[in-house]
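Hi,

Here's the structure I promised to pass on. Have a look at it first, and my notes on what turned up follow below.

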Amino acid sequence: MTRPAPGEPGWRPRLVALDIDGTLLRWVAGLGMSHEEVTPAVHDAVQRVLDAGAHVVLSSGRAPHNMTVVADMLDLHGHGEKLWIVAANGAVVLRYPPAEVVHEVTFDARPAVAAVLREHPEALVAVEERGVGYRVSAPFPDGELGGETIVAAVEEMVAEPVSRVIIRDPAATAEDFVKLAERLGLQGTDYVVGWTAWLDLAPVGVSKASGLEYVAQQLGIDRDEVLSIGDGRNDIEMLEWSGRGVAMGQAVDEVKEVADDVTASVDDDGAALEIGRWFPAPGSGGMDA
């Protein structure tokens, strides 16, 4: 019997991959941070996925220690199996609880960091300090990095291979960084620009999609059985890779263009609405494609 194609009547995902900031959590207006609060609609929708026996995988640019907090808010670990979490834009995969890194990809970030700092010498640099927070070249704007921050020299921070580097210039714009990355090329390194002048540097070929592919292989799940939802440029590969990739309503156009569909904005619980199409609340009717 032929399986329904993703998004068609009768299809239902076995894995739901969810971005966090701007997808599950609402943005704080004017700041590069989100409210650390999950709405009841989103919480209930995620629980219905788990109750149906499907997997929920958080997939974010956040460091692992900033993702387990969200897993706790969503009560993701109450179904007897350790979670899979894709952190650092796919460079780190962990199981939780307790947090255990099971897959990590690192790279030599020195050439790319040096190239960016030549153009933006005042930019801030951060590298994750596992389980603690971040080592930073100077303090970031309040709320943008979770956990403890430890000031260190850039040369020291990237002396050894790392899984991810954040470069932030509060005096620049996201468009400035998009043009910068295109101009530099950043050979040997992949990159993604955030909502602000925030540049994530990662190993070549590493993205949320590669992290999810690793998880799906461990679970024996095909990409056609994956629903992913996100709002940022770092979600593009994930939305393209998944059987059904859905952009949030407030996403930038380049994210919406690669998505199979667009749901409502995060302020209108768009993630819960999309999940509800495949995992409806009792009394709301059947699955609606």
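Let me start with a loop: aspartate 75 sits between α2 (64–73) and β3 (83–87). Keep in mind throughout that this is a predicted model. What caught my eye at aspartate 75 is its phi, which is near 55 degrees, a positive value in a residue other than glycine. Most residues other than glycine have a negative phi. Aspartate 75 is partly exposed, at a relative accessible area of 39%.

There's another aspartate with that kind of backbone. Aspartate 269 isn't a glycine either, yet its phi is positive, about 55 degrees. You'll find aspartate 269 in the loop between β14 (261–262) and α9 (270–278). Is aspartate 269 buried or exposed? Its relative accessible area is 17%, and because the cut-off for buried is under 20%, aspartate 269 counts as buried.

While you're checking the backbone, go to the loop between β4 (92–96) and β5 (100–104), where proline 97 lies. Proline 98 is in the loop between β4 and β5 as well. The peptide bond running from tyrosine 96 to proline 97 is cis, with omega near -10 degrees. Then proline 97 and proline 98 are themselves joined by a cis peptide bond, with omega about -15 degrees. As a general point, most peptide bonds are trans. If you set up anything from this model, those are the omegas to look at.

Now for the rings. How many aromatic pairs does the structure hold? Three, and I'll go through a couple of them. In one of them, tryptophan 11 meets tryptophan 278 edge-to-face, at 5.1 Å centre to centre and 85 degrees between the planes. Tryptophan 11 belongs to the segment before β1 (15–18) and tryptophan 278 to helix α9, so this pair ties together parts that are 267 residues apart in sequence. Both tryptophan 11 and tryptophan 278 are buried.

Another pair is made by tryptophan 84 and tyrosine 214: the ring centres are 6.4 Å apart and the planes are at 65 degrees, so this pair is edge-to-face too. Here strand β3 supplies tryptophan 84 and helix α6 (residues 208–219) supplies tyrosine 214, so the parts tied together are 130 residues apart in sequence. Tryptophan 84 and tyrosine 214 are both buried.

Stepping back to the whole chain, there are nine helices and 14 strands. The C-alpha trace spans about 55 × 40 × 35 Å along its principal axes. Why call the chain compact? Because a compact globule of 289 residues would have a radius of gyration near 19 Å, and the chain's 18 Å agrees with that. Of the 289 residues, 53% count as buried. Looking at contacts between residues at least 6 apart in sequence, 58% of them join residues at least 24 apart.

On the surface side, the chain exposes about 12,400 Å², with carbon and sulfur atoms supplying 49% of that area. As for charge, I count 22 positive and 47 negative side chains, and the centres of the two sets lie 3 Å apart.

That's the lot from me. Shout if anything is unclear.

Cheers

Definitions and conventions
Residues are numbered from 1 along each chain as its sequence is written. This is a predicted model: local features need pLDDT of at least 70, side-chain atom pairs count only at pLDDT 80 or more; totals for chains, interfaces and linings use all residues. Side-chain values use heavy atoms; hydrogens and water are left out. Helices (H or I, at least four residues) and strands (E, at least two) are DSSP runs, numbered from the N terminus. The radius of gyration is taken over C-alpha atoms; the globule rule is 2.2 Å times the number of residues to the power 0.38. Buried means under 20% relative accessible area, exposed over 50%, partly exposed in between (1.4 Å probe, protein chains only). Contact means heavy atoms within 4.5 Å. Accessible areas come from the Shrake-Rupley method with a 1.4 Å probe; for residues, only the protein chains shown count as cover. Lys and Arg count as positive and Asp and Glu as negative; His and the chain ends are not counted. The place of a charge is taken as NZ of Lys, CZ of Arg, CG of Asp or CD of Glu. Rings of Phe, Tyr and Trp (its six-membered ring) pair if their centres lie within 6.5 Å; planes under 30 degrees apart count as stacked, over 60 as edge-to-face and the rest as tilted.
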